[in-house]
Amino acid sequence: MKLPQAHLLRELRGLHEFFQQEWAGELHGALQLVDHQRKTKSLTADGTLAFKARFDTLVTIGLESNPA
């Protein structure tokens with residue numbers, strides 16, 4: 001895992017644990033899963049598409065939950 005991703009995972013975990021932002025916990029888990037699948041070479045094209053769709057959905061939820 002690259003350092004910027006590790007930082008993102010820490011931030012997402014903090015949002016989930018301290019501010020009860022469920023979307024952040026779900027995104028944290030999805031990122032860990034896709035990273036594991038990538039490392040074990042088990043990430044399929046369909047899996048990539050599903051991850052991208054879930055990522056977009058969770059980021060949208062996060063933006064809606066935390067307006068600027």
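Axes here are lines fitted to C-alpha atoms, for helices over the stretch in contact, and the angles between their N-to-C directions run from 0 to 180 degrees. Helices (H or I, at least four residues) and strands (E, at least two) are DSSP runs, numbered from the N terminus. This is a predicted model, in which local features need pLDDT of at least 70 and side-chain atom pairs count only at pLDDT 80 or more, while totals for chains, interfaces and linings use all residues. Residues are numbered from 1 along each chain as its sequence is written, and side-chain values use heavy atoms, with hydrogens and water left out.

**The chain as a whole**

Let us start with the overall picture. The protein chain holds 3 helices and 0 strands, and its elements run α-α-α from the N terminus on. Its C-alpha atoms fill a box of roughly 35 × 25 × 15 Å, taken along the principal axes. Of the 68 residues in the chain, 22% are buried (buried means under 20% relative accessible area, exposed over 50%, and partly exposed in between, with a 1.4 Å probe and protein chains only). Contact means heavy atoms within 4.5 Å. Among contacts between residues at least 6 apart in sequence, 42% join residues at least 24 apart.

**Helices H2 and H3**

Two packed helices are described by the angle between their axes and the distance between the axes. For H2 (residues 22–39) and H3 (residues 45–65), the axes come within 9 Å and cross at roughly 155°. The two helices are therefore roughly antiparallel to each other, a label for angles over 145 degrees (under 35 counts as roughly parallel, 65 to 115 as roughly perpendicular and the rest as oblique). Their crossing is left-handed, which is to say that the near helix is turned anticlockwise from the far one by less than a right angle.

On the H2 side, the contact is made by Trp23, Glu26, Leu27, Ala30, Leu31 and Val34. H3 brings Phe51, Arg54, Phe55, Leu58, Val59, Ile61, Gly62 and Ser65 to this contact. By class, the contact residues divide into 10 nonpolar, 2 polar and 2 charged (Ala, Val, Leu, Ile, Met, Phe, Trp, Tyr, Cys and Pro count as nonpolar, Asp, Glu, Lys and Arg as charged, and the others, Gly among them, as polar).

H2 itself has 18 residues and reaches 26 Å from its first C-alpha to its last, close to the 26 Å expected at 1.5 Å a residue; the expected span is 1.5 Å times one less than the number of residues. Its buried residues are Trp23, Ala24, Leu27, His28, Ala30, Leu31, Val34 and Asp35.

**Residues in the loops and on H3**

Two residues that are not glycine have a positive phi: Gln20, at about 50°, and Lys41, at about 60°. Lys41 comes just after H2. The table sets both beside two further residues.

| Residue | Place | Relative accessible area |
|---|---|---|
| Gln20 | loop between H1 and H2 | 55%, exposed |
| Gln21 | loop between H1 (3–19) and H2 | 13%, buried |
| Lys41 | loop between H2 and H3 | 75%, exposed |
| Thr57 | helix H3 | 37%, partly exposed |

Which residues does Gln21 contact, leaving aside its neighbours within four places in sequence? They are Leu15, His16, Ser65 and Asn66. Ser65 is also among the H3 residues that make the contact with H2.

As for Thr57, this residue and Arg13 are 44 residues apart in sequence and 18 Å apart in space, C-alpha to C-alpha.
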